[in-house]
Amino acid sequence: MSTHAGLRVVVTGATGNVGTSVIEALSQDPDVAAVVGLARRLPKMSVPGVEWATVDLSRRDSPAVLDQYLDGADTVVHLAWRFQPTHAPVLTWRNNVLGSIRVFEAVARAGVPALVHASSVGAYSPGPKVEPGVTEEWPTHGWPDAAYCREKSYLERVLDAFEPRHPWVRVVRMRPGFLFKEQAASEQRRIFAGRYVPGVLLRPDLLPFVPDLAGLRFQALHTDDAAQAYRAAVVGDVRGPFNLAAEPVIGAAELGELLDVRVVRVPRALVRSALAAAWRAHAVPASPHLFDAVLRLPLLDSSRARDLLDWQPARTGLEALASFLSGVRRGAGLETPPLVGRRWG
């Protein structure tokens, strides 16, 4: 790890699930002197050593704002992302893809020495659902029918072109599995289930069963653990991609045990048809295309992060998922626009 002190770090998307954890981790690191948190809307929360500012990366005038705050920065951690509206992929493309390109170009203009970019398991092409999982060399062509995967994959290609043009920028690409924490539960419920599904409905005694679907095997990670990997990348001197995931691999059996409900084998086509109908009716925001992708995403081998970042998750994937479920039922959140909680009485 680097011994450089007094780093100035700029974090985009600083008020979201990952951003709030990264901000907290950086603020506690003695090698980091100042953090600038950029977001579309200012939060009410206060973190020692953190300055907040607004920028909307989907706007064409956002480069001027980026230039102002990236001047003199040692590292940019790029997390800003919009999951919705899933029915208007052009809007998410403008923010996620064009906005990210604006950040990358601003990094180059300002001469920032390091860029840590939030990629995802969703960038990977379909792959094996067996351990030990794929390494960072697995193709990153995503699942093209899902906007989220398509956008994450496209940015991998953008960075493939960016790095040889700007070899003096140390580029790190984080590719985590599914990230959960209690304080982000309300936001994630809104993103995937919608605003009008009360969290109390996710009580185990109200769930009849867990569907056992072909391909339902995934890895979860507590967001705070992912943030420690980001922190290590900021203060260190590593380059390249890093898979981030915790044990164990989670499938229907693990979900059934966690929720204390029975597991029932259900045809995948039946669940997809129901989800597709609900999505077309705007009853749920999660698209059937993302459902298709989740059932095809490979498992991840996180050996490189353990070896080069000296990183080890402090919680299991099941503990991360349990904290999320607890937060959903309680309407947990934080004092930021994306994470604000909601009480259901």
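Let me start with helix α2, residues 62-70, whose buried residues are Ser62, Leu66, Tyr69 and Leu70. Seen down the axis of α2, these buried residues fall within an arc of 95°, so they line one face of the helix. Please keep in mind throughout that this is a predicted model. The general rule behind such a pattern is that an α-helix has 3.6 residues a turn, so residues three or four places apart point the same way. On the face of α2 turned away from the buried side we find the exposed residues Ala64 and Gln68. What covers the buried residues of α2? The cover includes the strands β1 (7-12), β2 (32-39), β3 (50-54) and β4 (75-78), together with helix α3 (89-110). After α2 comes Gly72, and the phi of this glycine is positive, near 85°.

Helix α2 also takes part in a salt bridge, in which the side chains of Asp67 and Arg109 meet at 2.8 Å, N to O. This pair links distant parts of the chain, since Asp67 sits in helix α2 and Arg109 in helix α3, 42 residues apart. Asp67 is partly exposed, at a relative accessible area of 31%, and Arg109 is partly exposed as well, at 46%.

Let me turn to the interior. The largest nonpolar core has 38 residues, and those that touch the most other members are Val11, Val22, Val77, Met174, Tyr230 and Leu309. At least two residues of this core come from each of β1, α1 (17-27), β2, β3, β5 (114-118), β6 (170-176), α6 (223-235) and β11 (240-244). Which element gives the most to this core? That is α6, with eight residues. If we take Val22 as an example and leave aside residues up to four places away in sequence, Val22 touches Val11, Val77, Leu79, Ala227 and Tyr230. Apart from this core lies another, of 27 residues, among them Ala53, Leu57, Trp81 and Ala106.

Now to strand β6, which is mostly covered, in that seven of its seven residues are buried. In a regular strand the side chains alternate between the two faces of the sheet. In β6, Arg170, Val172, Met174 and Pro176 point one way, while Val171, Arg173 and Arg175 point the other way, and all are buried. The strand pairs with β5 in the parallel sense, over five bridges, and Arg170 in β6 is the bridge partner of Ala114.

Charged side chains are thus among the buried residues of β6, which brings me back to the salt bridges, of which the structure holds 11. What does the side chain of Arg173 meet in a salt bridge? The partner is the side chain of Glu156, at 2.6 Å, N to O. Here too distant parts of the chain are linked, with Arg173 in strand β6 and Glu156 in helix α4 (residues 147-165), 17 residues apart. Both Arg173 and Glu156 are buried.

A further salt bridge joins the side chains of Asp225 and Arg315, at 2.9 Å, N to O. This pair again links distant parts of the chain, Asp225 lying in helix α6 and Arg315 in the loop between α10 (303-308) and α11, 90 residues apart. Asp225 counts as buried, at 5% relative accessibility, whereas Arg315, at 30%, counts as partly exposed. Salt bridges that share partners also join Glu156, Arg157, Asp160, Glu163, Arg173 and Arg175 into one network.

I will finish with two serines. Ser323 lies in helix α11, residues 317-330. Is Ser323 buried or exposed? With a relative accessible area of 14%, Ser323 is buried, because buried means under 20%. A polar atom of the Ser323 side chain lies 2.6 Å from the backbone oxygen of Ala320. Not counting residues up to four places away in sequence, Ser323 touches Lys181, Glu182 and His222.

The other serine, Ser302, lies in the loop between α9 (288-294) and α10, and at 4% relative accessibility Ser302 counts as buried. A polar atom of the Ser302 side chain lies 3.5 Å from the backbone oxygen of Asn243. With residues up to four places away in sequence again left out, Ser302 touches Asn243, Leu244, Ala245 and Trp311.

How values were computed: Residues are numbered from 1 along each chain as its sequence is written. This is a predicted model: local features need pLDDT of at least 70, side-chain atom pairs count only at pLDDT 80 or more; totals for chains, interfaces and linings use all residues. Side-chain values use heavy atoms; hydrogens and water are left out. Buried means under 20% relative accessible area, exposed over 50%, partly exposed in between (1.4 Å probe, protein chains only). Helices (H or I, at least four residues) and strands (E, at least two) are DSSP runs, numbered from the N terminus. The arc is that of the directions from the helix axis to the C-beta atoms. Contact means heavy atoms within 4.5 Å. A nonpolar core is a set of buried Ala, Val, Leu, Ile, Met, Phe, Trp, Tyr and Cys residues joined through side-chain atoms within 4.5 Å. A polar contact is a pair of N or O atoms within 3.5 Å; within protein, one must be able to donate a hydrogen and the other to accept it, and residues adjacent in sequence count only if both atoms are side-chain atoms. A salt bridge is a side-chain nitrogen of Lys or Arg within 4 Å of a carboxyl oxygen of Asp or Glu. Two strands pair if DSSP finds at least two bridges between them.
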